[in-house]
Amino acid sequence: DPHNLGPSFWFEPMDEPRPDGGGAIHLGVWVPPEQAESRVAAALAAGGHLVRDQFAPSWWTLADAAGNEADVSTTLGRD
C-alpha cells in the first residue's frame with residue numbers, strides 16, 4: 001500500500017444489529033480510482049442496490065438483498 005492506508009480488504013463492524021436480523025456484514029474493498037465506477041456499476045447490474053454515494057469518489061456503499069453492505073473505496077478525496 002503506497003499510501004499507508006492499511007489493508008485493501010477488511011470486514012467492518014456494524015454499529016448495531018439490523019432490526020430484521022439481516023445485513024450481518026459490512027465489507028470494505030479498496031480499488032484503484034479508475035476502476036471504482038465500473039465496479040459499482042457491475043455490482044448494481046448483479047442485483048445489488050446503492051445505499052449511499054454522498055461520499056463518492058472516496059467511497060460508495062452498496063448492499064445485497066439481505067442487507068449486507070459493501071463499500072467500494074478509493075484514495076480520492078482523502079487527506
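Colleague: What makes the largest pocket a pocket, and how much space lies in it?

Modeller: About 240 Å³ of space lies in the largest pocket of this predicted model. A cavity is a set of points where the probe fits but cannot get out, whereas a pocket is an open set, so the word "pocket" tells you that this space is open.

Colleague: Which residues are closest to its centre?

Modeller: Of the 15 lining residues, those are Leu27, Ala43, Leu62, Ala70 and Val72. The elements that each supply at least two lining residues are β2 (26-30), α1 (33-45), β4 (59-63) and β5 (69-73). Among these, β5 gives the most, with 4 residues.

Colleague: How is the lining made up by class?

Modeller: There are 9 nonpolar, 2 polar and 4 charged residues in it. Leu, Ala and Val count as nonpolar, so the five residues closest to the centre belong to that class.

Colleague: Why is β4 called mostly covered?

Modeller: Buried means under 20% relative accessible area, and 4 of the 5 residues in β4 are buried, so the description fits.

Colleague: How do you know that β4 pairs with β3 and with β5?

Modeller: Pairing takes at least two bridges. Strands β3 (residues 49-52) and β4 have 3 bridges, so they count as a pair, in the antiparallel sense. One of the partnerships here sets Arg52 against Thr61 in β4. With 5 bridges, β4 and β5 also qualify, and they too run antiparallel. There, Ala63 stands opposite Glu69 in β5.

Colleague: What joins these strands?

Modeller: A hairpin through 6 residues links β3 to β4. The hairpin of β4 and β5 has 5 residues between the strands, and Gly67 takes a positive phi near 95 degrees in it.

Terms used
Residues numbered from 1 in each chain as written. Predicted model: local features only at pLDDT ≥ 70, side-chain atom pairs only at ≥ 80, totals over all residues. Heavy atoms only, no water. 1 Å grid on protein atoms, 1.4 Å probe; cavity = no way out; pocket = protein on both sides within 12 Å on 5 of 7 lines; lining within 4 Å. Points joined across faces, edges and corners; volume = space filled by probe spheres on them. Buried < 20%, exposed > 50% of the residue type's maximum accessible area, 1.4 Å probe, protein only.
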